[in-house]
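Visitor: I am new to this structure and should like to be guided through it by questions. May we begin once it is displayed?

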Amino acid sequence: MNSAKLSPGRIRIEVLAGLTVALALVPEAVAFAFVAGVHPLVGLYAAFIVGLVTAVFGGRPGMISGATGALAVVMVSLVSVHGVEYLFAAVVLMGIFQVLAGIFKLGKFMRLVPHPVMLGFVNGLAIVIFLAQLTQFKVPGEGGPEWMSGTTLYAMLALIGLTMAIIWGAPKLTKAIPAPLAGIGIVAIIVIVFDIPVPRVGDLASIEGGLPLFHIPMVPLTLETLEIILPYALILAAIGLIESLLTLNLVGEITGERGGASQECMAQGGANIITGFFGGMGGCAMIGQSMINVKSGGRTRLSGISAALFLLTFILVASPLIEQIPLAALVGVMFMVVIGTFAWNSLRIMTRIPKADAFVIVLVTVVTVLTDLAIAVIVGVIVSALVYAWQNATRIRAKSYTTPEGAKVYQIEGPLFFGSAEGFSQIFDPANDPSLVIVDFMDSRVADQSALQAIDALAVKYETAGKALQLRHLSHDCHRLLNRAGQLIVDSDDDPDYGIAVNYTVKTGSLGGGH
């Protein structure tokens with residue numbers, strides 16, 4: 001965020017984007033607090049503190065963080081059994097784990113997430129955001145919350161439609177005000193002036209409160225406490241970082257920025273440590289609010305800082321006004337976020353991409369909706385890795401020829417690893433091959449222990465048949481791998497530098513004689 005970026009026009013855009021995000025944060029934070037079983041202010045304080053700290057120190061300007069549903073569903077069992085003080089302690093420990101992830105640069109492993117998993121994540125999260133808005137269509141009843149009906153429902157739907165129409169049409173008329181803010185403002189004025197009987201923010205809960213106060217979690221400092229909060233802290237840290245880093249990548253694609261994963265881990269961790277000591281429920285990046293911010297023009301840290309400060313202002317002094325905003329306006333904003341977030345092109349390309357990739361997109365989408373984001377991404381990465389392994393396992397093959405000296409050369413094509421080890425062993429014919437067989441790895445790689453075992457087992461077969469096996473064209477890293485395995489290859493005296501064109505003989509038995 002430099003002075004060149006912050007011209008008066010840019011400052012106005014960033015501040016208005018922050019105001020739009022803050023208005024959308026209020027019902028989300030309150031709803032997620034209810035999900036976690038804590039007071040609404042616990043969710044609002046988390047949204048303020050996590051949002052402010054990550055806006056200042058995070059890895060991607062324009063990202064918005066706060067209390068999220070993905071974390072809330074994990075917290076609810078801890079709160080119900082042990083109470084909110086244990087939640088605060090778990091949030092502090094969660095933050096420590098996230099800071100350690102940043103120190104050890106674990107964020108770089110997000111590059112292992114394939115693009116089909118990213119598409120599934122985006123689609124699944126869009127559906128989750130949509131489903132989360134359906135709770136706003138319920139009103140208090142005698143036996144608990146009931147679905148709206150009659151005039152109230154029709155008014156709610158009409159106001160949602162009007163909000164969406166304003167958001168769609170406003171940019172065509174003016175870009176002076178972010179379209180979502182224009183939608184919220186116009187619909188709120190209509191509802192207040194005509195006193196339309198639809199649910200408002202105040203019907204969820206009062207958001208009035210004071211400044212968050214420093215508070216050490218009131219839990220015993222014992223190993224028993226650690227045993228209680230440790231599993232929750234690990235799960236929360238993992239979910240928080242996965243959602244944050246995927247959002248980081250998504251915002252980066254829109255804004256054209258790269259990097260920042262380790263910095264984001266550190267910022268998220270620091271924010272959660274502070275939140276735990278100030279009575280907040282913890283949080284992570286929010287894809288919905290981040291999309292609102294970016295689509296409203298937020299590109300610098302000022303928009304995120306503004307959103308957090310506006311949220312605090314709402315809590316301290318503006319709660320009576322904010323509580324009059326109709327939920328329909330905020331639902332309309334989130335529905336437009338759903339439309340903008342869902343990767344509609346993924347439906348169009350389903351028949352054009354490999355079936356395995358299409359399956360991964362659908363799988364991650366479904367698992368995200370049914371369980372949570374972390375499980376969905378892990379499942380997607382595992383399935384993608386297995387598909388990749390299977391595809392490479394079927395690629396190993398060999399060409400063979402006989403040298404003028406009578407040796408038979410097998411030219412291996414494709415990687416040799418756990419998936420292709422069996423196919424590799426079926427290529428050779430120890431019973432009918434000549435006395436010297438050379439395996440040429442110029443177009444192959446020796447990747448893992450299964451590959452070493454396959455080579456050792458093959459050497460044993462040729463040794464049993466009274467024949468010699470040699471390896472040729474090993475790259476330096478393959479040579480080191482074989483050497484570390486226990487001198488599987490016998491170095492030639494005339495090759496002190498491990499030249500790759502040397503034939504290496506195999507010392508059998510180093511890995512158990514092929515068993």
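Visitor: Is Phe214 buried or exposed, and with what relative accessible area?

Guide: The model is a predicted one, in which local features need pLDDT of at least 70, side-chain atom pairs count only at pLDDT 80 or more, and totals for chains, interfaces and linings use all residues. Residues are numbered from 1 along each chain as its sequence is written, and side-chain values use heavy atoms, with hydrogens and water left out. Buried means under 20% relative accessible area, exposed over 50%, and partly exposed in between, with a 1.4 Å probe and protein chains only. By that scale Phe214 is exposed, its relative accessible area being 54%.

Visitor: How many aromatic pairs does a search of the whole structure find?

Guide: Rings of Phe, Tyr and Trp (its six-membered ring) pair if their centres lie within 6.5 Å; planes under 30 degrees apart count as stacked, over 60 as edge-to-face and the rest as tilted. Searching the whole structure in this way gives 8 aromatic pairs.

Visitor: What angle lies between the planes of Phe214 and Phe278?

Guide: A pair of aromatic rings is described by the distance of the centres and the angle of the planes. For Phe214 and Phe278 the centres are 5.7 Å apart, and the pair is edge-to-face, with planes at 75°.

Visitor: How many residues apart are Phe214 and Phe278 along the chain?

Guide: Helices (H or I, at least four residues) and strands (E, at least two) are DSSP runs, numbered from the N terminus. Phe214 lies in the loop between helix H8 (201-204) and helix H9 (223-255), whereas Phe278 lies in the loop between helix H10 (261-277) and strand E4 (284-285). The pair therefore links distant parts of the chain, and its members are 64 residues apart.

Visitor: Which residues do ring pairs link into a cluster?

Guide: Phe424 and Phe428 form an edge-to-face pair, 5.0 Å centre to centre with 70° between the planes. Both of these residues, Phe424 and Phe428, are buried. Ring pairs link a cluster of Tyr410, Phe424, Phe428 and Phe441.

Visitor: How far is the charged end of Lys172 from the centre of the ring of Trp168?

Guide: A charge sits over a ring if NZ of Lys or CZ of Arg is within 6 Å of the ring centre and within 35 degrees of the ring normal. The charged end of Lys138 sits over the ring of Trp147 in this way, 4.8 Å from its centre. For Lys172 over the ring of Trp168, the distance from the centre is 4.1 Å.

Visitor: Which residue forms a salt bridge with Arg10?

Guide: A salt bridge is a side-chain nitrogen of Lys or Arg within 4 Å of a carboxyl oxygen of Asp or Glu, and the structure holds 4 of them. Arg10 is partly exposed at 23% relative accessible area. Its partner is 4 residues away in helix H1 (residues 8-36), so about one helical turn separates the two. With the closest N and O atoms 2.7 Å apart, the partner of Arg10 is Glu14.

Visitor: Which residue forms a salt bridge with Lys408?

Guide: The closest N and O atoms of this bridge are 3.2 Å apart. Lys408 is in strand E6, and its partner, 25 residues away, is in the loop between helix H17 (421-425) and strand E7 (436-443). That partner is buried, with a relative accessible area of 5%. The residue is Asp433.

Visitor: How far apart are the end C-alpha atoms of helix H4?

Guide: The expected span of a helix is 1.5 Å times one less than its number of residues. Helix H4 (residues 84-103) has 20 residues, so the expected span is 28 Å, with which the model agrees. Of these 20 residues 14 are buried, so H4 is largely enclosed by the rest of the structure. The end C-alpha atoms of H4 are separated by 29 Å.

Visitor: What phi does Lys105 take?

Guide: Most residues other than glycine have a negative phi, and most peptide bonds are trans. Lys105, placed in the loop between H4 and H5, is partly exposed at 48% relative accessible area. Although Lys105 is not a glycine, its phi is positive, at about 55°.
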